[in-house]
Amino acid sequence: MTSPAGRRSYGVKGAPYAFLLPATILFALFFALPIGYAVWLSFRKVHVSGLGLGAGARTEVWAGLENYKDALTDNEFYDGALRVLGYGCIVVPVMLGLALLFALMLDSERVRLAPFTRLAIFLPYAIPGVVAALLWGFLYLPDVSPFYYVLAKLHLPQPNLLDGGPLYLALSNIAVWGGTGFNMIVIYTSLRSIPAEVHEAAKLDGATPLQTALRIKIPMVAPSLVLTFFFSIIATLQVFNEPMTIKPFTNSVNLSWSPLMKVYQDAFRRGDIYSAAAEATLIAIATLVLSFGFLRAANRRNKQEAAQ
């Protein structure tokens, strides 16, 4: 017969699992299960018999790695990956550089109206991505943009931001405008956690604000920089909202501009969910490999610095 003390001990030990159970169920139903189903679909295909008419003419069969082979040899998928690479080379350094700069400025003792400034920088992140892309899309159109009106009145050149090379800058601007505030908050929070004694020691040593920022603050917030870089890489590989929303404004953005747009095109326009599942799986694998490799390199560097 179990004693009351034993029942209480069992209840205390089981309490964490009871709290985790709802989140575990939701994770399994809405995250793990769809991923598993997508992976399973990526190894399947439709076999058409005869003219494809009548019952049983179209059957789902095992395809092995055929869908993955087709995805890796698809020029549209490959070109989309190259475009995203160029897009990321602009977005990630600019966004993180601005986020670090704003965080350092807000952490300065001379800053004024810090709460208002912090909110103003963070506010674009609160705007949904589709709304932000639509807003900037109209600002890029010469016929309705106030910027082009001012340029015309000043007799200045009016560049076409929705065609050719400037298109990358236009799309990158949307991502930078929307994501800088979030990364700034992460870095700024890390800066505020630096002990006051460190700042006082730097002052006593005669360090200028610039020297303090470069030699003390930035090295101490390196983990936050790694975290924001990690999030930015994932967001870049999964870019979808900006080019998809800008597409009606220009002919330079096709339905396979990014790999994720290619997945959408194959799944919902061509009706080939099997190829789309394989492409989505490849994107997930690329995200996992890049993220794991970067985190491993960052951890190795931190261990080397700690050993020194």
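In this predicted model, Thr 212 has a relative accessible area of 10% and therefore counts as buried, since the limit for that class is under 20%. Thr 212 belongs to helix 9, which spans residues 209-220, and, once its neighbours within four places in sequence are set aside, Thr 212 is in contact with Ala 202, Ala 207 and Lys 217. The points below turn to other individual residues, then to aromatic rings, and finally to packed helices.

**Individual residues**

- Ser 256 sits in the loop between helix 11 and helix 12, and with a relative accessible area of 5% Ser 256 is buried.
- Not counting residues up to four places away in sequence, Ser 256 touches Glu 76, Gly 80 and Arg 83, and also Met 261, Lys 262 and Gln 265.
- His 155 lies in the loop between helix 6 (146-153) and helix 7, where its relative accessibility of 73% places His 155 in the exposed class, because that class begins over 50%.
- The backbone of His 155 has a phi near 55°, which is a positive value in a residue other than glycine.
- Asp 79 is part of helix 3, residues 75-106, and at 35% relative accessibility Asp 79 counts as partly exposed.
- Between the C-alpha atoms of Asp 79 and Tyr 168 the separation is 14 Å, although the two residues are 89 residues apart along the chain.
- Gly 293 is located in helix 13, residues 273-307, and is partly exposed, with a relative accessible area of 35%.
- From Gly 293 to Gln 304 the distance in space is 17 Å, C-alpha to C-alpha, for a spacing of 11 residues in sequence.

**Aromatic rings**

- With ring centres within 6.5 Å as the criterion for pairing, the count comes to 15 aromatic pairs.
- One of these pairs joins Tyr 37 and Trp 40, whose rings are 6.1 Å apart centre to centre with 20° between the planes, so that the pair is stacked, the limit for stacking being under 30 degrees.
- Tyr 37 and Trp 40 are both in helix 1 (residues 4-42), and because they are 3 residues apart there, about one helical turn separates them.
- Tyr 37 is partly exposed at 49% relative accessibility, and Trp 40 is likewise partly exposed, with a relative accessible area of 41%.
- Phe 138 and Phe 249 form a pair with ring centres 5.2 Å apart, and because their planes stand at 80° the pair is edge-to-face.
- This pair of Phe 138 and Phe 249 links distant parts of the chain, 111 residues apart, with Phe 138 in helix 5 (residues 129-140) and Phe 249 in the loop between helix 11 (241-246) and helix 12 (259-269).
- The partners fall into separate accessibility classes, since Phe 138, at 46% relative accessibility, counts as partly exposed, whereas Phe 249, with a relative accessible area of 19%, is buried.
- A single aromatic cluster is formed by Phe 122, Tyr 125, Phe 182, Phe 230 and Phe 231.

**Packed helices**

- Two packed helices are described by the distance between their axes and the angle between those axes.
- For helix 7 (residues 166-192) and helix 10 (residues 222-237), the axes come within 9 Å and cross at roughly 165°.
- That angle makes helix 7 roughly antiparallel to helix 10, because angles over 145 degrees fall in this class.
- The crossing of helix 7 and helix 10 is right-handed.
- On the helix 7 side, Phe 182, Asn 183, Val 186, Ile 187 and Ser 190 take part in the contact, and they meet Ser 224, Leu 225, Leu 227, Thr 228, Phe 231 and Ser 232 in helix 10.
- Sorted by class, the contact of helix 7 with helix 10 contains 6 nonpolar and 5 polar residues, and no charged residues.
- Phe 182 and Phe 231 are named in this helix contact and are also among the members of the aromatic cluster.
- Helix 3 and helix 12 pack with their axes 8 Å apart and at an angle of about 145°.
- Their contact is made by Glu 76, Phe 77, Gly 80, Ala 81 and Val 84 of helix 3, together with Pro 259, Lys 262 and Gln 265 of helix 12.
- By class, the contact of helix 3 with helix 12 has 4 nonpolar, 2 polar and 2 charged residues.
- Among the residues of this contact, Glu 76, Gly 80, Lys 262 and Gln 265 are also touched by Ser 256.

Notes:
Residues are numbered from 1 along each chain as its sequence is written. This is a predicted model: local features need pLDDT of at least 70, side-chain atom pairs count only at pLDDT 80 or more; totals for chains, interfaces and linings use all residues. Side-chain values use heavy atoms; hydrogens and water are left out. Rings of Phe, Tyr and Trp (its six-membered ring) pair if their centres lie within 6.5 Å; planes under 30 degrees apart count as stacked, over 60 as edge-to-face and the rest as tilted. Helices (H or I, at least four residues) and strands (E, at least two) are DSSP runs, numbered from the N terminus. Buried means under 20% relative accessible area, exposed over 50%, partly exposed in between (1.4 Å probe, protein chains only). Axes are lines fitted to C-alpha atoms, for helices over the stretch in contact, and angles run from 0 to 180 degrees between N-to-C directions. Angles under 35 degrees count as roughly parallel, over 145 as roughly antiparallel, 65 to 115 as roughly perpendicular and the rest as oblique. A crossing is left-handed if the near helix is turned anticlockwise from the far one by less than a right angle, and right-handed if clockwise. Contact means heavy atoms within 4.5 Å. Ala, Val, Leu, Ile, Met, Phe, Trp, Tyr, Cys and Pro count as nonpolar, Asp, Glu, Lys and Arg as charged, and the others, Gly among them, as polar.
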